[in-house]
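Trainee: I should like to learn how the features of a structural model are read. May we work through one together?
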Amino acid sequence: MKQLKSIGLWVSLLAVVALGIGPIANRSASLRETTYIIMQVIVLAASLNILLGFTGYVSFGHIVFFGLGGYVGLYLINAQNWPLWSAALAGGLTSGLLAFLLGKAILRLRGAYFALATIGINEAVRAFTNNFDPFGGPIGMTLNFRVYNSYGGAANALWLVYYAVFAIALLAVVLNFMVKNSKFGLGLMAIREDEGAAEVMGVITPNAKTWAFVLSAILPGIVGTLFFFKNGHIEPGDAFRLDYSIEMLVIVMLGGQGSVLGPILGAAGYEGLRNFLLTSPLFKNIQLSVAGALLLVIVLFIPAGAVGWLRRRVPILRKVLA
Amino acid sequence: MTVLLSVQGLTKQFGGLQALTQVTFDLPQGQILGLIGPNGAGKTTLFNVINGVYHPEVGRIIFRDKDVTGTKSYDLAHMGMARTHQIVRPLNELTVRENVMVGACFGRENHNLSKAAGIADEVLEFVGLDSRADQLAGSLNVAQKKRLEMARALAAHPYLLLLDEVLAGLNPSEIDGMIQIVRKIREQGITIIMIEHLMKAVMNISDRIIVLDYGEQIADGTPREIANNPRVIEAYLGNSSLADQLLEEE
Ligand SMILES: Nc1ncnc2c1ncn2[C@@H]1O[C@H](COP(=O)(O)OP(=O)(O)OP(=O)(O)O)[C@@H](O)[C@H]1O
Ligand SMILES: [Mg+2]
């Protein structure tokens, strides 16, 4: 039982390595850029999975943690001369702190009300950055180009952040696996299935939900810093894009919510589809409509996502797909 | 005789509806208390109030010498209270074993996962669900889901067990099985309050019975006293020959 379960973890980690090793193997900068996005999406989707997949709470504004982490991190690098790594960590912790402070309040809401509240928070934080002078207001912040020198120049810095996002994607998968196979995770899944019954059985639901929310916020904050460091610039419109939030949901649902492999399959599948759509003259401008339609199809026909579907179809896989 | 649970003047309203009025009783440790009454009498509501799902407008609940009025259900679970639901609430997408592990992990004894898995297997064998342990809870039939409710509650190793119509919807042989289970639970020293419509079973198994009618406690006594109580006969049992019949079969 134990061994079989950890096979599931190795399968998931191997999937991430298979996706991420390409650019390192052939030192291709353009492949690196597309793969970077896949790795980042894995981190975001796996993080959202802790809340959506394990706990059953739908967050439509999850991108707020990515954007906030990016802002805090870039500010610390630019204005306070912090090294990238500690700035990224601070970005992640700030996002975790925001989740902690909001958790008790908004996680009392259920269903659509919670989802709406998360959108509200995203918009509120966007409005805040728009008016907060240290963060550059509506213009945002542009990284001083000389910062890259401390990382062996811009070209080298881009490789460094790629290694970092790759490592964090692996970490996100391990985190998902650990949560899923812990007592804490059992409590979360009980909440997902029936919050009232979970409470009667002794799950301290306000605390469990808050910690799930915090855990789902930290890694997005860290990759937020990495992304905007790589990008060299951050502004409110780029940091808090609701369409990315919705794509994260689609990805988790596509791959299979509540499974460890799901967010990885979802990320790879969706990014593949997106690249196809963006390069196809027919779909180029309606890529988001396609995402919406996809979400509808999943919810209606394969609510358990690809991993759930595979498990049901091929029982042997049940043991190896975590 | 130590009193495990003391309910003092509980009153609960839903809007204009008086669901419970001044319900008062002491429950000694180790007893089985039967709770009967017509549909809508407030039996499940009484469980919900004792269990912290709802809080009473008036009255106090003392559990193991602590005033627990207004305490949250999860805190009561940690203190040793467990219950089953009249309308079963399985955690559908989790396995039967995982369902029971939730009870063991988060109930009174606060076990870690591997200890909880051991307890779950023991309890599943006790209620006769061991062969279903790896199945998803959603795939069980109603009788099995009732047993699952029971197993989850037992896995917490509670001091007080609230059973809400665990016999409803079962066939005669399943009922006999369940009654055996309840008897064995009592032998383990667990105190039980049991809501039941099946008169023969409650009369047989309870040390004492309380009758609710429109939220009011209209009788409190031994099964024999209850069966001969004119108010109970009028409100619930219907005719007195039925009451005699029930006692004869004891
Ligand atoms: N959450 C609620 N909101 C409003 N009314 C409620 C609520 N819960 C119960 N009631 C009402 O309170 C009364 C008592 O209901 P309760 O479920 O306690 O009855 P019961 O004795 O368990 O009945 P049954 O034998 O049918 O299970 C009923 O009239 C019911 O409609
Ligand atoms: Mg009832």
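Trainee: Is Gln86(B) buried, partly exposed or exposed?

Mentor: Please bear in mind throughout that this is a predicted model. Burial is judged from relative accessible area, with under 20% counting as buried and over 50% as exposed. Gln86(B) has a relative accessible area of 31%, so this residue is partly exposed.

Trainee: Which atoms coordinate the magnesium ion (ligand 2)?

Mentor: For a metal site, one begins with the donor atoms. Here the magnesium ion is coordinated by OG1 of Thr44(B) and OE1 of Gln86(B), at 1.9 to 2.1 Å. These two residues link distant parts of the chain, being 42 residues apart. Thr44(B) belongs to helix H1 (residues 43-50) of chain B, whereas Gln86(B) sits in the loop between strand E6 (81-83) and H3 of chain B. Thr44(B), at 25% relative accessibility, also counts as partly exposed.

Trainee: How much area do chain B and chain A bury between them?

Mentor: An interface may be described by its area, its residues and its polar pairs. The two chains bury about 1900 Å² between them, and 70% of this is on carbon and sulfur atoms. In chain B, the residues that lose the most area to chain A are Tyr74(B), Phe106(B) and Leu113(B), together 31% of what that side buries. The contact involves 26 residues from chain B and 21 residues from chain A.

Trainee: How many salt bridges does the rule find across this interface?

Mentor: One salt bridge is found between chain B and chain A. Arg89(B) pairs with Asp194(A), and their closest N and O atoms are 2.8 Å apart. Eight residue pairs are in polar contact between the chains, counting those with both residues at pLDDT 80 or more. On the side of chain B that touches chain A, helix H2 (73-79) and H3 of chain B each supply at least two residues. H3(B) gives the most to that side, with seven residues. By class, this side of chain B has ten nonpolar, eleven polar and five charged residues.

Trainee: What covers the buried residues of H7(A)?

Mentor: One first lists the buried residues of a helix, then the elements in contact with them. Helix H7 (residues 183-193) of chain A has Gly185(A), Leu186(A), Gly187(A), Leu188(A), Met189(A), Ala190(A) and Ile191(A) buried. Their cover includes helix H2 (29-55), helix H6 (153-180), helix H8 (195-200) and helix H9 (205-231) of chain A. From chain B, the cover includes helix H3 (96-106) and helix H4 (113-126). At the start of H7(A), a side-chain oxygen of Ser182(A) comes to within 3.4 Å of the backbone nitrogen of Phe184(A).

Trainee: Where do Arg274(A) and Glu271(A) lie?

Mentor: An α-helix has 3.6 residues a turn, so residues three or four places apart point the same way. Arg274(A) and Glu271(A) are both in helix H12 (residues 262-279) of chain A, three residues apart, about one turn of the helix. Their side chains meet in a salt bridge, 2.8 Å from N to O. Both Arg274(A) and Glu271(A) are buried.

Trainee: Which parts does the pair of Asp220(B) and Arg208(B) tie together?

Mentor: Asp220(B) forms a salt bridge with Arg208(B), with the closest N and O atoms 2.9 Å apart. Asp220(B) lies in strand E10 (residues 216-221) and Arg208(B) in strand E9 (residues 208-213) of chain B, so the pair ties together parts twelve residues apart in sequence. Asp220(B) is partly exposed at 37% relative accessibility, whereas Arg208(B) is buried, with a relative accessible area of 14%.

Definitions and conventions:
Residues are numbered from 1 along each chain as its sequence is written. Chains are lettered from A and ligands numbered from 1 in the order in which they are written. Side-chain values use heavy atoms; hydrogens and water are left out. Buried means under 20% relative accessible area, exposed over 50%, partly exposed in between (1.4 Å probe, protein chains only). Helices (H or I, at least four residues) and strands (E, at least two) are DSSP runs, numbered from the N terminus. Contact means heavy atoms within 4.5 Å. A polar contact is a pair of N or O atoms within 3.5 Å; within protein, one must be able to donate a hydrogen and the other to accept it, and residues adjacent in sequence count only if both atoms are side-chain atoms. Buried area is the accessible area (1.4 Å probe) that two parts lose on being put together, summed over both. A salt bridge is a side-chain nitrogen of Lys or Arg within 4 Å of a carboxyl oxygen of Asp or Glu. Ala, Val, Leu, Ile, Met, Phe, Trp, Tyr, Cys and Pro count as nonpolar, Asp, Glu, Lys and Arg as charged, and the others, Gly among them, as polar. Donors are N, O and S atoms within 2.8 Å of the metal (3.2 Å for Na, K and Ca); water is not among the atoms, so sites may look incomplete.
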